[in-house]
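Student: I'd like to learn how to read surface patches and charge pairs in a model. Can you walk me through it?

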Amino acid sequence: MSGGADRARYFLGIDGGGTGCRARIEDADGTVLGQGLSGPATTRLGIDEAWASIARAFGAAIEEASLSPSEVKRIHAGVGLAGIGRKGALEALRAIKHPFASIDFVSDGEGACLGAHSGRDGAIVIAGTGSIGLGFVEGRHLRVGGYGFPISDEGSGADLGLKTVQLALRANDGRHEKTALLSEIMQRFQNDPMEAVAWMDRASATDYAALAPMVMRHADQGDAAGRRIVQSAAEHIDTLIRTLFDKGAPRVSLLGGLSSPLEPWLAPDVRRRLKPIDGDAVSGAIILARKSVCSR
């Protein structure tokens, strides 16, 4: 490459989540040059492990893009990473040596919000294993909920699972009417509450969230307990969305693995106000990288 091409800038976006890490490289015109995937990238696994996953993803993207070492030095990177709010995480990440012209970090949720609204003011509600409301309005950062399961994350998959196990145990005692959903839950524990207790002692939010598809299936089939649990979850998501609008968000989008199954259960006024996303979290990370260049 020569002339103006030598001074060309490249933009790398990375979305590091609890289930996997995605990377994408674009040129200044937005043409995709290379992409890469790797395993979980969250600070919960440790900074070194998170960075190793990030490096595998961007390494694959660089290889696919066939960029030389001198071209890699002209990459501006943006990283959205799960668990970046943990104490000391951001400082530790910024201290890691990297081969790029610049690198900037935000939470994976903030990256998703940037992508959802093309970097403009707006907010998102994520309904997945956990739940949270995030947004940007006139330079302010908005946050509603998302403080972690089980003390928060209402309306999430983990919360659905927890509420269902609680109700199943009550039904097993005779304190609540048994339904097909609650019977299926107890069958998973050999109809023995002590098996449920043993499971609880080692269960994570992900384990509880794994029950959510079963809950949704029974609710959609008319199971009384399932409908009650899912309707309660939908009301919590309604509240997150309305609160973000109340805080000044001009637009709100619903994301996450539970977003599609839960959307039909949301209040009609909330559903009408939801906006489809413009782009994904990797797009948001690229927007972050481009902003870092503009602010220099």
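Tutor: Sure, start with Met194, which counts as exposed because its relative accessibility is 57%; exposed means over 50%, buried under 20% and partly exposed in between, with a 1.4 Å probe and protein chains only. This is a predicted model: local features need pLDDT of at least 70, side-chain atom pairs count only at pLDDT 80 or more, and totals for chains, interfaces and linings use all residues. Residues are numbered from 1 along each chain as its sequence is written, and side-chain values use heavy atoms, leaving out hydrogens and water.

Student: Where does Met194 lie?

Tutor: Met194 sits in helix α7, residues 193-202; helices are DSSP runs of H or I with at least four residues, numbered from the N terminus.

Student: Now the charges: what lets side chains pair?

Tutor: Side chains of opposite charge can pair when their charged atoms come close. A salt bridge here is a side-chain nitrogen of Lys or Arg within 4 Å of a carboxyl oxygen of Asp or Glu, and the count comes to 11. In one of them, Arg120 meets Asp278 at 3.4 Å, N to O. That pair links distant parts of the chain, 158 residues apart.

Student: Is Asp15 buried or exposed?

Tutor: Asp15 is buried, at 14% relative accessible area. Its salt-bridge partner Arg22, 3.2 Å away from N to O, is partly exposed at 32%.

Student: Which residues are linked with those two in a network?

Tutor: Asp15 and Arg22 are linked with Arg24, Glu26, Asp280 and Arg290 in a network of salt bridges. Within it, Arg24 and Glu26 pair at 3.4 Å, N to O, and both are buried.

Note on methods. Helix = DSSP H or I, 4+ residues; strand = E, 2+ residues; numbered from the N terminus.
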